[in-house]
Amino acid sequence: MVREQIKKVRASIPTYVTLVCVSKFQPVEAIREAYDAGERHFGESRVQELQRKAALLPDDIHWHFIGHLQTNKVRDLLKLRPYLIQSVDSVKLLRAINDEAAKQGIIQDVLLELHVAKEETKTGFTPEEIIHSFTPSLLHSLSNVRICGLMCMATNTDDETEIRRCFNLAKSLNDQINRTLYIAPSYILSMGMSDDYLIAIECGATMVRIGSTIFGERNLSGEAGLTEKRSVSETVCQAKPLSPKAVFFDQDGVLFDSMPFHAQSWAYAMNHYGLPFTEEQTYRNEGRTGSSVIHEAHLKAYGTEPSQELIEEIYRLKSDTFNRLTGGQLPPLIPGIREVLQYLHAHGVQCWVVTGSGQHSILDKLETTFPDIFSGFITAYDVTHGKPDPEPYLKAWERCGFDKSECMVVENAPLGVRAGKAAGLFTVAVNTGILPDKALTDEQADLVLPNMSALLSRLQQTL
């Protein structure tokens, strides 16, 4: 099947366009079939998965890293000598790659990830940052990275006009930065995936990233080689309370005592722009995307929808305020959470983070705060729909490899509980916030506990 699909894709793209087969979450056997069909460019999004696959597949494969890259993973990734890192989304990450490449004595090729979509969950440099950030002095300091072009994703929509807007903007910026950096005509513009790659090519793409069209729907078990496909429509919860093999933890209010900072930040930013908003409303909206919270507040206050520019301004002020309140440091841990995580890890239970957060200031430090604890992360970058939609928890369940009856959610927010229950999972609510227990029981939480010590006690009785 893979060989036949490759033939169809190859017939539809010009010879000057590089095809990257997106192989993330696909078994080694499927990648080898594509390799045997003549393909050499493959895309992966997780360093650990790439390590496994690279050890099992031919050395002449050109591995492209296309996922969100944390700075603490740069060293491990560069040891694998990736052909191209396509997802460089900040100057901080670019410098980290340059510094590590210097230590390893290599020059690493990268693409700058451009944010042109109308979705805050997507990452990358804004057009303004692309134009103004890459000064001669910055470029001169990056002697061990080679900027080879741009990568972008269009807005997730069926509106072809919007998709073309994204790709045409990327092409225009690509030409502009190409002149600035004096790169040869081989400068890369990587854009277009299974649903929109033909439009991307019309708009000037020189590289496309195609996964499901070639391999079929992705296997989201999180372990390459597992081929079981579980139905995401299954919603009946048959969990055994507090005897799990995998536990999915929310981040804010469950791992970190960060909600007071978020509450102050949201109230300040909203009120600054004339939108009535209280700290309590932050707790009741916890888990939703920032844009949806701003959209609803503006609609309620003025009866009109806010512009995308206003949404971005408010969210930027909220984020800046949060970082100022925390001093740029991680918020304190929720009391007792470290003991819960250590107990589960010691008993062989997988621990996952499932968060709607997209703040790199916290996400980049999670693994260093809890080394070797977490089996995986589901963040704002992994989903189309945030909580209270069940998609985040369904993604975690699909990737962990266990039945729903062997999984458990730990939440603190009403909308997070709703998401866990909608996913058909046993959901424990630990009330670390200011809302009454009723706000959690009204969402049908299976168990409401006052603190993490109570959760640990329950676990010790059953594991």
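Reader: Which residues are in contact with Asn-412, leaving aside its neighbours within four places in sequence?

Author: In this predicted model, Asn-412 is in contact with Asp-250, Asp-252, Gly-253, Val-254, Met-259, Glu-286, Val-430, Thr-432 and Leu-440. What puts these residues on the list is that they have heavy atoms within 4.5 Å of Asn-412. The C-alpha atoms of Asn-412 and one of these partners, Asp-250, are separated by 7.7 Å, although the two residues are 162 residues apart along the chain.

Reader: Where is Asn-412 placed, and why is it called buried?

Author: Asn-412 sits in the loop between β12 and α18. The relative accessible area of Asn-412 is 6%, and buried means under 20%, so the residue is called buried.

Reader: What makes β11 and β14 the edge strands of the sheet?

Author: The open sheet is formed by six strands in the order β11-β10-β9-β12-β13-β14, with parallel pairing. Strands β11 (374-378) and β14 (447-449) each pair on one side only, and that is what makes them the edge strands. From one strand to the next, the twist averages 20 degrees.

Reader: How do you know that β9 and β10 count as a pair?

Author: Two strands pair if DSSP finds at least two bridges between them, and four bridges join β9 (residues 246-249) to β10 (residues 350-354), so the two strands, which run parallel, meet the criterion. Within this pairing, Gln-350 of β10 is the bridge partner of Ala-246.

Reader: Which helices pack on the sheet, and how do they run relative to its strands?

Author: Helix α15 (residues 337-346) lies across β9, β10 and β11, running at about 155 degrees to β9. Helix α18 (residues 414-422) touches β12 (407-411) and β13 (426-430), and its direction makes about 165 degrees with that of β13. Angles over 145 degrees count as roughly antiparallel, so α15 is roughly antiparallel to β9, and α18 is roughly antiparallel to β13.

Reader: Why is α1 called oblique to α2?

Author: The axes of α1 (residues 2-12) and α2 (residues 28-36) come within 9 Å and cross at roughly 50 degrees. Angles under 35 degrees count as roughly parallel, and 65 to 115 as roughly perpendicular; the crossing angle belongs to neither range, nor to the one over 145, and α1 is therefore oblique to α2. The crossing is right-handed.

Reader: What makes the contact of α1 with α2, and how do its residues divide?

Author: Val-2, Arg-3 and Ile-6 of α1 make the contact with Ala-30, Glu-33, Ala-34 and Asp-36 of α2. These residues divide into four nonpolar, no polar and three charged.

Methods. Residues are numbered from 1 along each chain as its sequence is written. This is a predicted model: local features need pLDDT of at least 70, side-chain atom pairs count only at pLDDT 80 or more; totals for chains, interfaces and linings use all residues. Side-chain values use heavy atoms; hydrogens and water are left out. Axes are lines fitted to C-alpha atoms, for helices over the stretch in contact, and angles run from 0 to 180 degrees between N-to-C directions. A crossing is left-handed if the near helix is turned anticlockwise from the far one by less than a right angle, and right-handed if clockwise. Ala, Val, Leu, Ile, Met, Phe, Trp, Tyr, Cys and Pro count as nonpolar, Asp, Glu, Lys and Arg as charged, and the others, Gly among them, as polar. Buried means under 20% relative accessible area, exposed over 50%, partly exposed in between (1.4 Å probe, protein chains only).
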